Amino acid sequence: PLAGAAQYWIAEALVRQGEYERALYEYDRLIRTYPSNDKIPDAYYGIGMALLRLGRSDEAQAQFRYVRDQFAGTLAAQRAQNRLQE
């Protein structure tokens, strides 16, 4: 679990640095390497946010719908729903 969480925080750090393409890669790496980690819903949400910041709003909206539908009841799903309503 710690390795997956560390991978998540690497991606988050890249987002904070404005390295959105690299963050997408790191989020995807988390999802592929640690598919049962508890940070997976947050990683999918992070992908949506990175896509949004890259100006890829259609892809971001699809990502937020995926998070909302696949991870219902999580904080990430609630945040995704809020983004969809904006």
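Leaving aside residues up to four places away in sequence, which residues does Gln7 touch?

The exercises below refer to a predicted model.

**Exercise 1. Place Gln7 in the chain, classify its exposure and list its contacts.**

Step 1. Gln7 is part of helix α1.
Step 2. Its relative accessible area is 8%. Buried means under 20%, so Gln7 is buried.
Step 3. Not counting residues up to four places away in sequence, Gln7 touches Glu26, Arg29, Leu30 and Tyr34.

**Exercise 2. Start from Glu26, one of the residues that Gln7 touches, and work back to its own contacts.**

Step 1. Glu26 sits in helix α2.
Step 2. With a relative accessible area of 12%, Glu26 is buried.
Step 3. Once neighbours within four places in sequence are set aside, the contacts of Glu26 are Gln7, Ile10, Ala11 and Leu14. Gln7 appears in this list, just as Glu26 appears among the residues touched by Gln7.
Step 4. Helix α1 covers 2-16 and helix α2 covers 20-33. Glu26 belongs to α2 and Gln7 to α1, so the pair links these two helices.

**Exercise 3. Describe the fold of the chain as a whole.**

Step 1. Count the elements: there are five helices and zero strands.
Step 2. Write them in sequence order: the pattern is α-α-α-α-α.
Step 3. Compare the radius of gyration with the globule rule. For 86 residues a compact globule would have a value near 12 Å, and the chain has 12 Å, so the two agree.
Step 4. Add the extents: along its principal axes the C-alpha trace spans about 35 × 30 × 15 Å.
Step 5. Look at the contacts with a separation of 6 or more: 38% of them join residues 24 or more positions apart.

**Exercise 4. What share of the chain is buried, and what makes up its accessible surface?**

Step 1. Of the 86 residues, 43% are buried.
Step 2. The accessible surface is about 5000 Å². Carbon and sulfur atoms account for 48% of that surface.
Step 3. Turn to the charges: there are 11 positive and 11 negative ones, and their mean positions lie 2 Å apart.

**Exercise 5. Identify the residues that touch the most other members of the largest nonpolar core, and say which helices supply this core.**

Step 1. The core has 24 residues, and Tyr27, Tyr44, Ile47 and Phe64 touch the most other members.
Step 2. Each of α1 (2-16), α2 (20-33), α3 (40-53), α4 (57-70) and α5 (75-85) supplies at least two residues.
Step 3. The largest share, eight residues, comes from α3.
Step 4. Take Ile47 as an example. Beyond its neighbours within four places in sequence, Ile47 is in contact with Leu24, Tyr27, Ile31 and Gln63.
Step 5. For background, nonpolar side chains tend to be buried together in soluble globular proteins.

**Exercise 6. Is Gly48 buried or exposed, and how far is its C-alpha atom from that of Ala60?**

Step 1. Gly48 lies within helix α3.
Step 2. Its relative accessible area is 0%, so Gly48 is buried.
Step 3. Gly48 and Ala60 are twelve residues apart along the chain, and their C-alpha atoms are separated by 4.4 Å.
Step 4. Ala60 is also one of the residues that Gly48 touches, together with Gln63 and Phe64, when residues up to four places away in sequence are not counted.

**Exercise 7. Classify Ala80 and find its contacts.**

Step 1. Ala80 belongs to helix α5.
Step 2. A relative accessible area of 0% makes Ala80 buried.
Step 3. Outside the stretch up to four places away in sequence, Ala80 touches Tyr45, Phe64, Val67 and Arg68. Phe64 is also touched by Gly48.
Step 4. Gln61 is 19 residues from Ala80 in sequence, with 8.7 Å between their C-alpha atoms.

**Exercise 8. Assign Tyr25 and Tyr66 to their helices and to an exposure class.**

Step 1. Tyr25 is in helix α2, whereas Tyr66 is in helix α4.
Step 2. The partly exposed class runs between 20% and 50%. Tyr25, at 47%, is therefore partly exposed. Tyr66, at 34%, is likewise partly exposed.
Step 3. From Tyr25 to Ile47, 22 residues along the chain, the C-alpha separation is 9.1 Å.
Step 4. From Tyr66 to Tyr45, 21 residues along the chain, the C-alpha separation is 8.9 Å.
Step 5. Not counting residues up to four places away in sequence, Tyr66 touches Tyr44 and Phe71.

Technical notes: Residues are numbered from 1 along each chain as its sequence is written. This is a predicted model: local features need pLDDT of at least 70, side-chain atom pairs count only at pLDDT 80 or more; totals for chains, interfaces and linings use all residues. Side-chain values use heavy atoms; hydrogens and water are left out. Helices (H or I, at least four residues) and strands (E, at least two) are DSSP runs, numbered from the N terminus. The radius of gyration is taken over C-alpha atoms; the globule rule is 2.2 Å times the number of residues to the power 0.38. Buried means under 20% relative accessible area, exposed over 50%, partly exposed in between (1.4 Å probe, protein chains only). Contact means heavy atoms within 4.5 Å. Accessible areas come from the Shrake-Rupley method with a 1.4 Å probe; for residues, only the protein chains shown count as cover. Lys and Arg count as positive and Asp and Glu as negative; His and the chain ends are not counted. The place of a charge is taken as NZ of Lys, CZ of Arg, CG of Asp or CD of Glu. A nonpolar core is a set of buried Ala, Val, Leu, Ile, Met, Phe, Trp, Tyr and Cys residues joined through side-chain atoms within 4.5 Å.
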